[in-house]
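Let's take a friendly walk through this protein, from its core to its sheet and its aromatic rings. Have the structure open as you read.

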Amino acid sequence: QGYPDGGATPCAGAATTGEMIGPFPMQDVSNPPLRVKDFSESDLHVDPTNAQHVIGISKWFVNSEGYNHLTGFYESFDGGATWPQQGHIPGYEGWTDNSDPVGAFDPWGNFYAVVLPYMFSYLSTGEHFFLAPDVNPALPRSGMAVAVRPHGASTPASWIVTHNGAPDLIRRTPFNGAVTFDKQWISIDANRRSKHF
């Protein structure tokens, strides 16, 4: 809705925003680059060190028919008048989906995004088989991760997404008996008098 040419269409030529189109090391299959036209669950934040610096993150529907998305981001340096930096948060392309993006700035202008990667396959009924064991089996079925865009990052790929050489998954399923995570959140204590600053 809102996109007269909705659905998925191939990119017309090379990506022009510096977006990496793969293949990526975490993928076992690489699809052709598609034009991202549909978004949801958007989150917008203003840098506390510079009110003109704004970062938004959203689910990018890579394939709306199949409910496949990456976590995309948009970065403005003029209070939202233009958005010259755009891309997806790298490192989680090997999962079927990256969902429910949310983020927060720390007091020094670093931006933290919580990423929710998970796997599913398609059943003949058209339903999703969540945590399917046969999709990219080298990776966990789902998890929760943190990606950091450091203050002053200069390219769409300038994210810290690994810890000790692997995706920075802070939780994996199953966790406390739940098979998936949903609606995660992040907050950062910016109170300089707090013991958790």
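## The nonpolar cores

A nonpolar core is a set of buried Ala, Val, Leu, Ile, Met, Phe, Trp, Tyr and Cys residues joined through side-chain atoms within 4.5 Å. Buried here means under 20% relative accessible area, exposed means over 50%, and partly exposed lies in between (1.4 Å probe, protein chains only). With that in hand, the largest nonpolar core has 17 residues, and I89, Y92, F111 and W159 have the most contacts inside it. Two or more residues of this core come from each of β4 (50-63), β8 (111-118) and β11 (143-149). The most generous of the elements is β8, which gives three residues. (Strands are DSSP runs of E of at least two residues, numbered from the N terminus.)

A second, separate core has seven residues, among them V102, L116, F181 and I186. Back in the largest core, Y92 is worth a click: leaving aside neighbours within four places in sequence, its contacts (heavy atoms within 4.5 Å) include V115, P117, A145 and V146.

## How far to trust the model

This is a predicted model, in which local features need pLDDT of at least 70 and side-chain atom pairs count only at pLDDT 80 or more, while totals for chains, interfaces and linings use all residues. Residues are numbered from 1 along each chain as its sequence is written, and side-chain values use heavy atoms, with hydrogens and water left out.

The predictor's confidence in each residue, pLDDT, runs from 0 to 100. The protein averages 83, and 81% of the residues score at least 70. Confidence is highest in β11, at 94, and lowest in strand β2 (residues 34-35), at a mean of 64.

## The open sheet

Four strands make an open sheet in the order β7-β8-β11-β14, with antiparallel pairing; two strands pair if DSSP finds at least two bridges between them. At the edges stand β7 (97-105) and β14 (169-172), each with a single partner strand, so one side of each has no neighbour in the sheet. From one strand to the next, the twist averages 20 degrees (axes are lines fitted to C-alpha atoms, and angles run from 0 to 180 degrees between N-to-C directions).

Three bridges join β11 and β14 in the antiparallel sense. Look for M144, which stands opposite R171 in β14.

In the loop between β7 and β8 you will find N110. This residue counts as buried, at 19% relative accessibility. Its C-alpha atom is separated by 4.6 Å from that of P150, although the two are 40 residues apart along the chain. Not counting residues up to four places away in sequence, N110 touches A104, F105, V148, R149, P150 and H151.

## Aromatic rings

Rings of Phe, Tyr and Trp (its six-membered ring) pair if their centres lie within 6.5 Å; planes under 30 degrees apart count as stacked, over 60 as edge-to-face and the rest as tilted. The whole structure holds ten aromatic pairs. In one of them, the ring centres of F105 and F111 are 5.0 Å apart and the planes lie at 65 degrees, so the pair is edge-to-face. Both F105 and F111 are buried, and they belong to one aromatic cluster with F73 and W159.

Another edge-to-face pair joins F120 and Y122, at 5.4 Å centre to centre and 85 degrees between the planes. How exposed is Y122? With a relative accessible area of 45%, Y122 is partly exposed, whereas F120 is buried at 2%. Y122 sits in strand β9 (residues 120-122), and, leaving aside neighbours within four places in sequence, is in contact with G66, N68, E127 and H128.
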